Amino acid sequence: MISLAAAAERLRASVVVVRAGADGRAGGGAGIAWRAGGVVVTSAHVVDARDVTVVLPDGGAVPGEVVRRDPRRDLALVLAPRAALPPVRHADPARLRPGSLLFAVGHPLGVVDAVTTGVLQATGPLPPGLGVPGMPGDLAWLQADLRLAPGNSGGPVADAEGRVVGVSAMVVAGLGLAVPAPDVEAFVAGEAPPRSASGRTPRRGRRPAYI
Amino acid sequence: MSADTNALAALSDQLADAVAQAGAATVAVHGRPRLASTGVHWRDGIVMTTEGTIRREDGITVTLPGGDTVPATLAGRDRGTDLAVLRIPAGRLPVATKGDPAALKPGHLVLALARLDELGARAAFGAVSAVGGRWRCWKGGEIDRLVQSDLVIYPGFGGGPLVDAAGRIHGLNSGGLSRSLATTIPAGTVDRVLDQLVERGYVSRGWIGAAMQPVRFNPAARQRLGLASEGGLVIVAVEPDAPAAAAGLLVGDVIVSVNGSPVDDPAQVVEALAGDAVGKSLRLDLVRGGQRANADVLVGERPRERR
């Protein structure tokens, strides 16, 4: 019987609950141990304060500080030095094909470390006609047939081998959207996102060309 | 890597292979404002899609897997089965490799495919939920087999193929016909409707031109007339020049049986008009003015404006 249990178990060891506020009572989402030393990635919309509480897989809570935030890319970098967690392995979703199996770990509606499964639809900008007003049209997303819910935000979307290929961000028209891993890596490294590491360059006529 | 992970990676690869194979015959259809819908290159030069996603008759285009967009002409549409036929230049892409929908069982892993832009084929993954025999969908058309799945028919996935784990296409997914489960129009229905639409531009449906509703007999009348059934169908309207009028049916007649089978639900008469009933005669047993009577109705073709 094929099972995700081993891959999910490994990934869950690197996933935390992130709560806004030092007292940890405000709403929250998920976070990923991206690098060793308490470098945690989550969604910008999960953390709107500087101080956050990071709940570790063993249930212990440690303080964290938001050191970088990019609302447009919907990413936030949290430093929680006391969170000694194994960092995740990550991979570029551009290496996957549509139909490739994916799974997400998060805390949908408060269910801690829930695993949901699905497949990759596409990596790139949303198709014309599916965007949300106010959403930047040129952002590349990992788009998945994957059930996500509030509480998944900031959690990992991983491939069949358990490598993180995206950070869950939002649901549009039922489609699960995640920030592609290369954009996350660039954000963590403090670089501008790679131009088309995981997307296409905008086509002529489809979007305005900014010059 | 553990055995589980290897098996998962292999399944993942197989699903991606199935998407690649079926995706080579899956196109984006631009026949409505904003979001595209999906179509399948069913025969060379012929793309099938769902009728409900075609909102204009002219200026339709199709985006091929290679990224080229070509003009398409609407060759026919059938609202009843939610199918539309588009013609595109021949020889531009592979023809769909079909599977046999009758081989699908609940639990089989399946994919729904779509193409909406230049990013490639898109996929949703799930399992066959329910199968069954011939049924009539709420749009009125006959569907040769029931095939339902737990696939999510995302915006734009309508008209896209239902694909098995080997990449074979079993039919077209219809958003319009789906409710809690996704509904697929099976390959046999697609072929049948395509043949009729190409041959005469429409799907011929049996018609007698009478409106009717269920009625129950009072026990005394039933006994007096020696009726076996408790009710029948009372005719409440007869259209002028319709087959029912030609056969002399009158408002107030109660149909007791059709070709010897008792009827008390209009759906049973609709069933008698299905398939190749056009041109054949139906023997109706009636109660008219308190007496038994009968009539032979020559089944006609439903007028075009009511299809």
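Select A:M170 and A:L177 in this predicted model. A:L177, in strand 12 of chain A, is the bridge partner of A:M170. Now extend the selection to strand 11 of chain A and to residues 175-180, which form strand 12 of chain A. These two strands pair in the antiparallel sense, and six bridges join them. Next, select the turn of this hairpin, where two residues lie between the strands. One residue to pick out in the turn is A:A173, with a positive phi of about 55°.

Return to strand 11 of chain A, residues 164-172, and add strand 10 of chain A, residues 156-159. This pair is also antiparallel, with three bridges. Select A:A158 to find A:V164 of strand 11 standing opposite. The hairpin made by strands 10 and 11 of chain A has four residues between its strands. In that turn, A:G162 has a positive phi of about 85°.

Proceed to the contact between the chains, and colour the 26 residues of chain A and the 31 residues of chain B that take part. On the side of chain A, select helix 1 (5-12) and strand 8 (114-124), each of which supplies at least two residues. Strand 8 of chain A gives the most, with five residues. If this side of chain A is coloured by class, 14 residues are nonpolar, nine are polar and three are charged.

Finally, select the whole of chain B, which contains five helices and 22 strands. Its C-alpha atoms fill a box of roughly 80 × 50 × 30 Å along the principal axes. Of the 307 residues in chain B, 45% are buried.

How values were computed. Residues numbered from 1 in each chain as written. Chains lettered and ligands numbered in written order. Predicted model: local features only at pLDDT ≥ 70, side-chain atom pairs only at ≥ 80, totals over all residues. Buried ≥ 20, exposed ≤ 12 C-beta atoms within 10 Å, placed from the backbone. Contact = placed C-beta atoms within 7 Å. Nonpolar A, V, L, I, M, F, W, Y, C, P; charged D, E, K, R; others polar. Pairing = 2+ DSSP bridges.
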